[in-house]
Amino acid sequence: MPELELPIILMVVIGGFLAGWVDAVVGGGGLIQLPVLLLVPGIAPVQALATNKIGSIMGTSVAAYTYQRKIQTDLKTALPMAATALVGAVGGAALASFIPGAALRPIVVVACLIVFLWTIFRRASGLDTVRRYQGRRHHVFAMLIGLAIGSYDGLLGPGTGTFLVISLVGVLGYAFMPASAIAKIVNFATNLGALIFFIPAGHVVWELGLIIGAANMLGGFLGARTAVRRGSEFVRLVFLVVVGGLIVKLAWDVITSF
């Protein structure tokens, strides 16, 4: 059990709050929260991963509820997508022992870079919802995206919420703000899928998880309200910052793995 002295608690609370805010706006809060947890003295990496999921699922639940109250979230897309994402996350976690996450990182870096440049040069993209598919095709694509990104979250993890927003905007044609609202529901499901493995295994540090989760909930509440008030242009700007950070982080992981 890691020792939770006051400076460590303060670090965890600040990190959880910032992660919750970023995650609610555009996803990617794990880029802040997981490194903070890894700095806690005495915590094992698997404990940090599991405890991160507790904080994230608490934050995403509040953010999803806040979005639902403020805007009309497309639940007919979000719920089937969340169901396949849950299945994918469980399957991805099961595959984690057979396929090293390091093998996927170079592919993810290239994909992020393409999306980053696409978002910069196609400024109008993601500012208004223009669905690219209708009827059954729309829902089939949404469920396939949920399955793929859920599997990624179970297998590797960083930037799952951001990849959901990327796919909802770039593939399905949503504006950034409704995409973020749907992504919160789906991300809740991927976190739940990972916890199906982590909790029975006893990897969650509950005291630490509840502290960072409470901070994440506050950040998620305020982040969702900020996104709703400021609109898709604001979310787009935050999106570019977070994707840029994800590119740097994953590229550094690739370089240091050699």
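## Working through a helical chain

Helix 3 (45–70) and helix 9 (206–230) each supply at least two residues of the lining of the largest cavity. Keep in mind that this is a predicted model. Let's work through it.

**Exercise 1. Work out which helix gives the most to the lining of the largest cavity, and what kinds of residues line it.**

Step 1: Start with the cavity itself. The structure holds one cavity of 30 Å³ or more, and the volume of the largest is about 40 Å³.

Step 2: List the lining. You should find Tyr65, Thr66, Arg69, Lys70, Phe221 and Arg225.

Step 3: Match these to the helices. Helix 3 comes out on top, with four residues.

Step 4: Sort by chemistry. The lining splits into two nonpolar residues, one polar and three charged.

**Exercise 2. Describe the overall build of the chain, and say how confident the prediction is.**

Step 1: Count the secondary structure. There are 10 helices and zero strands, so the pattern along the sequence is just α-α-α-α-α-α-α-α-α-α.

Step 2: Check burial. Of the 258 residues in the chain, 52% are buried.

Step 3: Look at how contacts are spread along the sequence. Take the contacts with a separation of 6 or more: residues 24 or more positions apart account for 85% of them.

Step 4: Turn to confidence. The chain has a mean pLDDT of 85, and 90% of its residues reach 70 or more. Among the elements, helix 5 (residues 105–121) has the lowest mean pLDDT, 71, while helix 9 has the highest, 93.

**Exercise 3. Check the span of helix 4 against what its number of residues predicts, then find what covers its buried residues.**

Step 1: Get the expected value. Helix 4 (residues 75–95) has 21 residues, and at 1.5 Å a residue it should span 30 Å.

Step 2: Compare. The end C-alpha atoms of helix 4 are 29 Å apart, which agrees with the expected span.

Step 3: Pick out the buried residues of helix 4. They are Thr77, Ala78, Met81, Ala82, Thr84, Ala85, Gly88, Ala89 and Gly92.

Step 4: See what sits over them. The cover includes helix 6 (135–155), helix 7 (160–170) and helix 8 (176–201).

**Exercise 4. Is threonine 60 buried or exposed, and what does it touch?**

Step 1: Place the residue. Threonine 60 is in helix 3.

Step 2: Use the cut-off. Buried means under 20% relative accessible area; threonine 60 has 1%, so it counts as buried.

Step 3: Find its partners. Skipping neighbours within four places in sequence, threonine 60 is in contact with Asp23, Lys184, Asn187, Phe188 and Asn191.

Step 4: Follow one partner, asparagine 187, which lies in helix 8. With 5% relative accessibility, asparagine 187 is buried too. Leaving out residues up to four places away, asparagine 187 touches Asp23, Thr60, Asp153, Thr160, Gly161 and Leu164.

Step 5: Try a distance. Asparagine 187 and leucine 86 are 101 residues apart along the chain, yet their C-alpha atoms are separated by 8.8 Å.

**Exercise 5. Classify leucine 38 by its relative accessible area and list its contacts.**

Step 1: Leucine 38 sits in helix 2 (residues 30–38).

Step 2: Its relative accessible area is 45%, so leucine 38 is partly exposed.

Step 3: Not counting residues up to four places away in sequence, leucine 38 touches Ile43, Pro45 and Ala48.

Step 4: Leucine 38 and asparagine 52 are 14 residues apart in sequence, and 9.7 Å lies between their C-alpha atoms.

Technical notes: Residues are numbered from 1 along each chain as its sequence is written. This is a predicted model: local features need pLDDT of at least 70, side-chain atom pairs count only at pLDDT 80 or more; totals for chains, interfaces and linings use all residues. Side-chain values use heavy atoms; hydrogens and water are left out. On a 1 Å grid over the protein atoms alone, a cavity is a set of points where a 1.4 Å probe fits but cannot get out, and a pocket is an open set with protein on both sides within 12 Å along at least five of seven lines; lining residues have an atom within 4 Å of a point. Grid points are joined across faces, edges and corners, and a volume is the space filled by probe spheres set on the points. Ala, Val, Leu, Ile, Met, Phe, Trp, Tyr, Cys and Pro count as nonpolar, Asp, Glu, Lys and Arg as charged, and the others, Gly among them, as polar. Buried means under 20% relative accessible area, exposed over 50%, partly exposed in between (1.4 Å probe, protein chains only). Contact means heavy atoms within 4.5 Å. The expected span of a helix is 1.5 Å times one less than its number of residues. pLDDT is the predictor's confidence in each residue, from 0 to 100.
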